[in-house]
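Let's take a walk through this model, one helix, sheet and hollow at a time. Keep the 3D view open and turn it as you read.

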Amino acid sequence: MIKRELYLKKIRPFYDKNIIKVITGIRRSGKSTLLLQIKTELINKGINENQIIHINLDFFEHGHLRNKDLLYAYIVERLHPKKTYIFIDEIQEVQDFETVINSLNSFNTVDLYISGSNSKMLSGEYATYLTGRYVSFEIFPFSFKELCDYYPNDSKEKIFNDYVIYGGFPQVHMFEGDQEKKTLLADLYHSIVVKDITERHKIRDVSALEKYLLYLNNTVASLFSAENINAYFKSENRSLARETLYNYIKYAKDAYYIYSAPRYDIKGKKLLTTNEKIYVNDQGFRSLFFNNLRDIEKILENIVYFELLRRNYKVYIGTINDYEIDFIAEKDGKKVYVQVSYLLASEKTIEREFRPLLLTDDQFPKYVISLDKIDMSHQGIHHRNIIDFLRQDEL
């Protein structure tokens with residue numbers, strides 16, 4: 001277990017504050033471990049263990065607490081007269097959980113930390129109950145930098161190669177062999193598809209959903225097109241209603257399985273409403289069905305997209321004239337432009353990657369990221385080796 005300092009440093013300012021700390025992210029990305037690390041830090045600060053209530057609603061022993069009334073009664077009976085620190089894992093397993101959390105938060109002597117694997121828990125009607133009463137932190141599987149800490153004696157090139165193939169789920173890296181890692185990834189994929197998508201949304205045609213997810217895995221880092229998906233299903237002698245198609249992608253987003261980046265017209269300074277790009281939360285999933293090394297260009301783009309999210313950027317796909325810039329990343333009123341390439345192996349490739357950046361007429365930083373080890377920066381555009389980029393805290 002490595003310390004998830006990237007997230008702990010964001011959460012620490014809210015320790016002992018009367019505000020709900022909500023930790024979200026895909027199943028088994030490390031949310032439970034992060035809660036344990038927070039709990040350990042509190043104990044090291046002098047908090048007595050009998051002041052802590054820790055419930056994991058995925059555990060059989062806590063299964064009966066998925067009822068909101070029983071959960072509330074269980075916690076209230078155990079409140080410490082001085083102060084109580086409450087940790088609840090997978091809170092979305094409780095229907096109407098927000099009423100319980102809101103009531104518990106009304107106690108001035110309660111410090112609440114909850115986690116969940118469904119983005120819907122902080123949207124729409126749910127959020128209205130908790131408005132102004134929570135802060136949220138999104139957790140991802142291990143970054144490349146965290147994997148370097150996990151494997152301190154391995155070369156960065158070996159770690160990166162494994163990262164491309166197996167992704168960053170912490171449990172996957174507890175095993176050495178390819179078969180063991182793939183087995184665990186398959187189990188995780190199945191639990192997300194079945195528990196977080198199929199069962200939650202009562203999907204009957206599971207094979208259609210799996211075909212759909214297979215298509216998204218194959219076309220990662222590509223523009224999403226309803227017409228292309230319909231054509232794919234027709235080639236498989238199947239059909240999928242447009243409403244179902246959009247429901248499936250929403251369900252996959254709710255489970256944090258896929259993310260999308262909208263396109264932004266740089267010249268017109270406006271968001272475009274069609275053809276967003278799709279990315280898969282962890283490239284390890286894709287390796288269950290496809291060869292990530294063969295499709296390395298897509299995988300590198302997928303990796304950089306999620307690294308930018310980890311660094312708190314809001315990410316768009318840039319369009320300028322007839323060219324595309326892989327990412328426009330915005331944070332704190334500033335932006336950076338990022339192109340991702342496998343290797344800058346020819347003048348044609350260099351021209352293709354650098355030209356769109358040269359067309360932008362503002363002074364924000366511009367980067368090309370690739371696997372090349374030689375620095376090819378020129379004309380004010382910075383070139384970064386992707387391994388170096390992933391090991392740094394900022395661009």
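Start with helix H4 (residues 97-105), whose buried residues are Phe97, Glu98, Val100, Ile101, Leu104 and Asn105. Look down the axis of H4 and these buried residues fall within an arc of 160°, so they line one face of the helix. Here the arc is that of the directions from the helix axis to the C-beta atoms. Buried means under 20% relative accessible area, exposed means over 50%, and partly exposed is in between, with a 1.4 Å probe and protein chains only. Helices (H or I, at least four residues) and strands (E, at least two) are DSSP runs, numbered from the N terminus.

A word on where this comes from: this is a predicted model, in which local features need pLDDT of at least 70 and side-chain atom pairs count only at pLDDT 80 or more, while totals for chains, interfaces and linings use all residues. Residues are numbered from 1 along each chain as its sequence is written, and side-chain values use heavy atoms, with hydrogens and water left out.

Now for the sheets. Strands of a sheet pair through backbone hydrogen bonds, either parallel or antiparallel. Two strands count as paired if DSSP finds at least two bridges between them. One open sheet has five strands in the order S2-S3-S4-S1-S5, with parallel pairing. At its edges stand strand S2 (52-56) and strand S5 (134-139), each with a single partner strand, so one side of each is left without a neighbour in the sheet. On average, neighbouring strands here are turned by 15° against each other, direction ignored. For such angles, axes are lines fitted to C-alpha atoms (for helices over the stretch in contact), and angles run from 0 to 180 degrees between N-to-C directions.

Zoom in on strand S1 (residues 20-25), which pairs with strand S4 (residues 110-116) in the parallel sense over four bridges. Across that pairing, Lys21 sits opposite Tyr113 in S4, and Ile23 sits opposite Ser115. S1 also runs parallel to S5, joined by six bridges. There, Ile20 has Tyr134 as its bridge partner, and Val22 has Ser136.

How many of the residues of S1 are buried? Six of six. Both faces are covered, with Ile20, Val22 and Thr24 buried on one side and Lys21, Ile23 and Gly25 buried on the other. S5 gives another picture: Val135, Phe137 and Ile139 point to one face and are buried, while Tyr134, Ser136 and Glu138 point to the other and are not.

The other open sheet has seven strands, ordered S7-S6-S8-S9-S10-S11-S12, and its pairing is mixed. Strand S7 (270-280) and strand S12 (382-385) are the edge strands, each pairing on one side only. The twist from one strand to the next averages 35°. Inside this sheet, strand S8 (residues 314-320) and strand S9 (residues 323-331) run antiparallel, joined by six bridges. One facing pair is Val315 with Ala329 in S9.

On to the empty spaces. Rolling a probe the size of a water molecule over the atoms shows where empty space is left. On a 1 Å grid over the protein atoms alone, a cavity is a set of points where a 1.4 Å probe fits but cannot get out, while a pocket is an open set with protein on both sides within 12 Å along at least five of seven lines; lining residues have an atom within 4 Å of a point. Grid points are joined across faces, edges and corners, and a volume is the space filled by probe spheres set on the points.

The largest pocket holds about 490 Å³ of space. It is lined by 20 residues, and the closest to its centre are Arg28, Gly30, Ser32, Thr33 and Gln171. Helix H2 (residues 31-44) gives the most to this lining, with four residues.

The second largest pocket has a volume of about 360 Å³. Among its 19 lining residues, Glu5, Leu6, Lys9, Lys145 and Asp393 lie nearest its centre. H1 gives the most to that lining, with four residues.

Finally, the largest cavity holds about 40 Å³. Its lining is made of Tyr163, Asn281, Asp282, Gln283, Asn302, Ile303, Phe306 and Arg310, and H13 provides the largest share, four residues.
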